[in-house]
Structures are given as structure tokens and as C-alpha cells.
Amino acid sequence: CCFKRRCKWINIKQNLSKRRTPWEKSNQWPIVGKLMNFTDGLFITFEGIDGSGKSTQSQLLYDALNDLGISAILTREPGGSIGAEIIRSLLVSGDTDRWSAETEILLFTAARRDHLEKTIQPALTKNQIVICDRFVDSTRVYQGVARADLRQTVDELHSIIIKKEPDITFIIDTDPEKSLTRGLARNSGEDRFEEFGLEFQKKLRNGFSELSKTEKSRCHLINGMRSKEEVSNDILNIVKDYTK
Ligand code: TMP
């Protein structure tokens, strides 16, 4: 039920494994030590169009870090805290014209502020790795480009209320037609944005692709039209490189 689904995300998956993992013995992945030594945590976000597989990839990265005994949390937007999950239910269901793009910006930013205060910042302060399924880049592209031409409004509000950018962002690039079919087939009851249709998803794909060019230092455009293992290997290698 909806409540159970929400609980899954409120009880953010905590990886506090005390296990001693093979890398410590074999020294095969010395970057683990470096990852553990980040003084302000590490903030990694996943972005992409609906049905792009970014949630699967967030989970796979979390699992890989878990296997290495690295302390991480997996969270999502909109949502990831009690208040933000309540706002989520307002945003992802109902008719497409339920909210204007301007109102959506306010609601997503309100949810993000709560998420940042209650979940993201506390974890970063504890020096954990935060893996977040969507963050401000979704607002930049969904509300700032695809829904309306409001990119400046998104950035201005972000600079006042949130003031936080990810360290690394993975944009999973996929074919809009296939992704939309996959997304709608899930029948999640959370498909308000998918209901905007294929042209909307095409605009989103272009928007994310453009963003990856202007935010080169942190954004990685990943070809998501391959096996999930191939995609997750690339992602893991980039996380490794980041710590070199
Ligand atoms: P999800 O399906 O990836 O959980 O995201 C919920 C929907 O909300 C998805 O269709 C994308 C949309 N969305 C925005 O339009 N703006 C945002 O800022 C965020 C975080 C999500």
C-alpha cells in the first residue's frame, strides 16, 4: 500500500555495516579508505527521465558500497523525510493540470528543504555517503525547461532556500519511448509527470543532456541503454576516479 511504500523511504536505508570486507585484506580497492575519509561526506545524485532506470542504479551503487563496508544512505526526491513524503503524494498523483509549473517549483523546493534538514545534511555531517534518487537538477529540467521556461526562477529559489549542490551527478540517458512505456507499465499510481506524454519526455532528455554540458565538473551523462551491470560498472569506476 502507499503507506508501506512511503515507510520504506522514510526508514532510509542505513548502511552501518561493521563487517570487515575482502578489500581490507586484499587491498584491491584502496580508494575505500579515501571514501571513508571524506570530512564532509559525499553527496551523489542520480537523474534522468521517467523510467530511465536511475532508481535501480542508485540501489546498485548503494549495494556496492554496502558490500565494501562503506557507510552510506539511499534516499530519494521528492521525499526522503516524513514531511517531504507527504508533499510527494501531492505532486506525483492527480491530473496533469493539478499544479502550475510555478506551484510545483515551490512544492518541490519545500520538500527538498525538509529533506535536506532532516536527512541529507545530518548524514553528510556524520561523514556518510548520501545517494539521492533525484535532486535539484530534476527541478531545473522538469519545471525549468520541460514544463515551462523557468530555469532562472528555479536557480534563484535554490540559491536562497537550498544552497546545496551534489558532488557527483549521474544522468542516466535512455530512449524516451522505451522508458515511458516501461514507466507507465509499472502502474505505480505516481505517474502524473508520465501523463504529460512522449514529447514531454523528449524535452526532458534534451534538458538533461544540455545540463550535463553546462555542469561538466559534476555531471556524468551515462548511456543507460545497456545492461544494468554495464551501467553500474561505469558508475562505480567514476566514483573510484573521484577519490583519486
Ligand atoms: P520519481 O518517479 O523518480 O520518484 O519522481 C517523481 C516524479 O517527480 C518524476 O516524474 C519526476 C518529478 N520531479 C519533478 O518534476 N521535479 C523535481 O524536482 C523532482 C525531484 C521530481
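Author: Before we start, helices (H or I, at least four residues) and strands (E, at least two) are DSSP runs, and they get their numbers from the N terminus. This is a predicted model, where local features need pLDDT of at least 70 and side-chain atom pairs count only at pLDDT 80 or more, while totals for chains, interfaces and linings use all residues. Residues are numbered from 1 along each chain as its sequence is written, and side-chain values use heavy atoms, with hydrogens and water left out.

Reader: Okay, how many residues surround the ligand?

Author: A residue makes the list if one of its heavy atoms lies within 4 Å of the ligand. The closest ones are Asp-50, Arg-88, Arg-134, Thr-139 and Gln-143. The full count is 14.

Reader: How far is a polar side-chain atom of Thr-139 from an oxygen atom of the ligand?

Author: Let's warm up with two other polar contacts (N or O atoms paired within 3.5 Å). For Arg-112, a polar side-chain atom is 3.3 Å from a ligand oxygen, and for Lys-54 that distance is 3.0 Å. With Thr-139, the polar side-chain atom and the ligand oxygen are separated by 2.5 Å.

Reader: What percentage of the ligand's exposed area does the protein bury?

Author: Picture the ligand taken alone: it exposes 480 Å², going by the Shrake-Rupley method with a 1.4 Å probe. Of that area, the protein buries 92%.

Reader: Which element gives the largest share of the shell around the ligand?

Author: Three elements give two or more residues each: helix H5 (82–92), helix H6 (101–125) and helix H7 (136–147). The largest share is four residues, and it comes from H7.

Reader: Switching topic, how many residues apart are Phe-108 and Phe-193?

Author: There are eight aromatic pairs here, meaning Phe, Tyr or Trp rings (six-membered ring for Trp) with centres within 6.5 Å; under 30 degrees between planes is stacked, over 60 is edge-to-face and the rest is tilted. Phe-108 and Phe-193 form a tilted one, 6.0 Å centre to centre with 45 degrees between the planes. Phe-108 belongs to helix H6, while Phe-193 is in the loop between helix H9 (176–185) and helix H10 (198–214). This pair links distant parts of the chain, with a separation of 85 residues.

Reader: And what's omega for the peptide bond from Glu-77 to Pro-78?

Author: Find Pro-78 in the loop between strand E3 (72–76) and H5. The bond leading into Pro-78 from Glu-77 is cis, with omega near -10 degrees.

Reader: Last one: what is phi of Lys-163?

Author: Look in the loop between helix H8 (151–161) and strand E5 (168–173), where Lys-163 is found. Lys-163 isn't glycine, yet its phi is positive, near 55 degrees.

Technical notes. A polar contact is a pair of N or O atoms within 3.5 Å; within protein, one must be able to donate a hydrogen and the other to accept it, and residues adjacent in sequence count only if both atoms are side-chain atoms.
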